[in-house]
Amino acid sequence: MTPIHIVFVLASLCVLASATNRPCTYKGQNYRHDQTFIDVYSECKCNDGQVTCSQRVYGKKQCTYKEKTYQDGQTFIDVYSECTCNDGTVTCSQRAYANIDECATNPCKNGATCINGQNKYTCMCTGGWQGTNCDQDIDECVGNPCKNGATCINGQNKYTCTCAGGWQGTNCEQDINECATNPCKNGATCNNLLNNYTCTCTGGWQGTNCDQDIDECATNPCKNGASCINGQNKYTCTCAAGWQGTNCDHDINECATNPCKNGATCINGQNQYTCTCKGGWQGTNCDQENTCTYEGNTYQDGQTFKDECNTCKCHKNGKVTCSNRKCPTY
Ligand SMILES: [Ca+2]
Ligand SMILES: [Ca+2]
Ligand SMILES: [Ca+2]
Ligand SMILES: [Ca+2]
């Protein structure tokens with residue numbers, strides 16, 4: 001190596017030394033090479049005349065997000081977004097992941113179908129449910145479907161009507177025909193009413209259902225000691241002797257058969273007749289000749305005859321009367 005070479009090398013070394021150890025001037029302050037210092041919240045270093053500072057190392061705030069703590073600058077995933085803690089404030093990208101399945105958490109209840117949408121979901125409810133998540137029961141009684149005073153009971157996708165008396169059907173809209181069970185007897189006509197019926201009886205029957213026989217003898221229709229027999233819508237009189245007719249109120253004319261003979265007069269009586277005989281006849285029916293028998297002899301009615309000193313007479317009744325003189329004895 002020549003002396004010229006040596007001088008050149010030394011000069012080069014001197015230049016290198018001065019080039020790698022230069023001081024720094026930063027915000028009016030001088031710093032040695034390699035010196036570190038704090039600038040506000042950053043750590044800075046002088047490096048060969050250049051100051052470089054870390055970005056806000058000191059005093060930066062942590063973030064608290066959904067009950068978790070994150071360091072400044074820390075990134076994390078929240079559901080489907082990417083979030084960053086930035087000096088105490090969390091900012092999240094909006095839906096970092098496309099076409100998120102919003103139905104994945106089964107938000108639709110009671111058998112509803114979930115439809116995954118763009119940043120939303122839609123629930124298609126099954127019968128009887130309503131609301132965003134199909135978790136609200138529909139009150140099927142709201143429209144008052146139960147009629148005629150019925151009570152409505154809200155059920156699962158249905159309602160039930162408890163009918164008032166006399167009504168039937170799903171909505172209690174049908175009148176119950178109380179005549180359907182044929183409550184009216186003995187040919188009666190049934191009248192269907194509201195929660196009731198009435199019977200229009202045929203003759204001879206009475207009572208709610210026309211099943212009670214009317215006692216036609218109750219009004220004592222049979223007269224003059226007759227006996228009454230209660231029948232079906234009628235009565236029968238069994239007359240006492242001497243009476244006839246439906247009610248035994250007609251006297252039988254015992255003279256109708258002309259019982260009195262030989263010109264006698266007949267007198268109609270109560271269950272009997274009386275004959276008034278003409279002269280020369282006697283007996284109940286005046287069919288016997290009117291004679292008297294006296295001491296073995298027969299005399300005609302009105303005939304007089306002698307009995308010793310007395311005069312006797314034969315009367316209509318067959319009796320003989322005599323004068324009652326004491327006759328002299330001979
Ligand atoms: Ca319901
Ligand atoms: Ca009815
Ligand atoms: Ca009767
Ligand atoms: Ca009579």
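This is a short tour of one protein chain, moving from the whole chain to single strands and residues.

**The whole chain**

Begin with everything displayed, and keep in mind throughout that what you see is a predicted model. Turn the chain until its greatest extent lies across the screen: along its principal axes the C-alpha trace spans about 255 × 35 × 30 Å. The radius of gyration is 72 Å, whereas a compact globule of 330 residues would have a value near 20 Å. If you colour by secondary structure, you should find one helix and 35 strands. Of the 330 residues, 14% count as buried. Among the contacts with a separation of 6 or more, 20% are between residues that stand 24 or more positions apart.

**A sheet of three strands: β3, β4 and β5**

Next select residues 36–39, which make up strand β3, and residues 50–53, which make up strand β5. Together with β4 they form an open sheet in the order β3-β4-β5, and the pairing is antiparallel. Both β3 and β5 stand at the edges with a single partner strand each, so one side of each has no neighbour in the sheet. Looking across this sheet, you will see neighbouring strands turned against each other by 30° on average, direction ignored.

Now add strand β4, residues 42–47, which is joined to β3 by four bridges. Which residue of β4 is the bridge partner of F37? Select C44, and you have the partner in question. As background for what you are looking at, strands of a sheet pair through backbone hydrogen bonds, either parallel or antiparallel.

**A loop residue: E173**

Move on to E173, which has its place in the loop between β17 (167–168) and β18 (174–175). Is E173 buried or partly exposed? It counts as partly exposed, because it has 15 C-beta neighbours inside 10 Å. Leaving aside the neighbours within four places in sequence, E173 is in contact with K147 and N148, so select these two as well. For a sense of distance, pick G131 too: E173 and G131 are 42 residues apart in sequence and 32 Å apart in space, C-alpha to C-alpha.

**A hairpin: β19 and β20**

Select strand β19, residues 189–193, with strand β20, residues 196–200, and follow the five bridges over which they pair in the antiparallel sense. At the turn end, L193 has N196 of β20 as its bridge partner. Two residues lie between the strands of this hairpin, and N195 takes a positive phi near 60°.

**Two domains towards the end of the chain**

Colour residues 253–289 as domain 1 and residues 291–322 as domain 2. The C-alpha centres of the two domains lie 25 Å apart. Where they touch, four residues of domain 1 are in contact with five residues of domain 2. On the domain 1 side of this contact there are no nonpolar residues, but three polar and one charged.

**A last sheet: β33, β34 and β35**

Finish with the open sheet of three strands in the order β33-β34-β35, where the pairing is antiparallel. Its edge strands are β33 (304–307) and β35 (320–322), each of which pairs on one side only. The twist from one strand to the next averages 30°. Strand β34, residues 310–314, is joined to β33 by four bridges, and if you select F305 you will find it opposite C312 in β34.

Note on methods: Residues numbered from 1 in each chain as written. Chains lettered and ligands numbered in written order. Predicted model: local features only at pLDDT ≥ 70, side-chain atom pairs only at ≥ 80, totals over all residues. Pairing = 2+ DSSP bridges. Domains from an automatic or database assignment. Contact = placed C-beta atoms within 7 Å. Nonpolar A, V, L, I, M, F, W, Y, C, P; charged D, E, K, R; others polar. Buried ≥ 20, exposed ≤ 12 C-beta atoms within 10 Å, placed from the backbone. Rg over C-alpha atoms; globule rule 2.2 N^0.38 Å. Axes fitted to C-alpha atoms, helices over the stretch in contact; angles between N-to-C directions.
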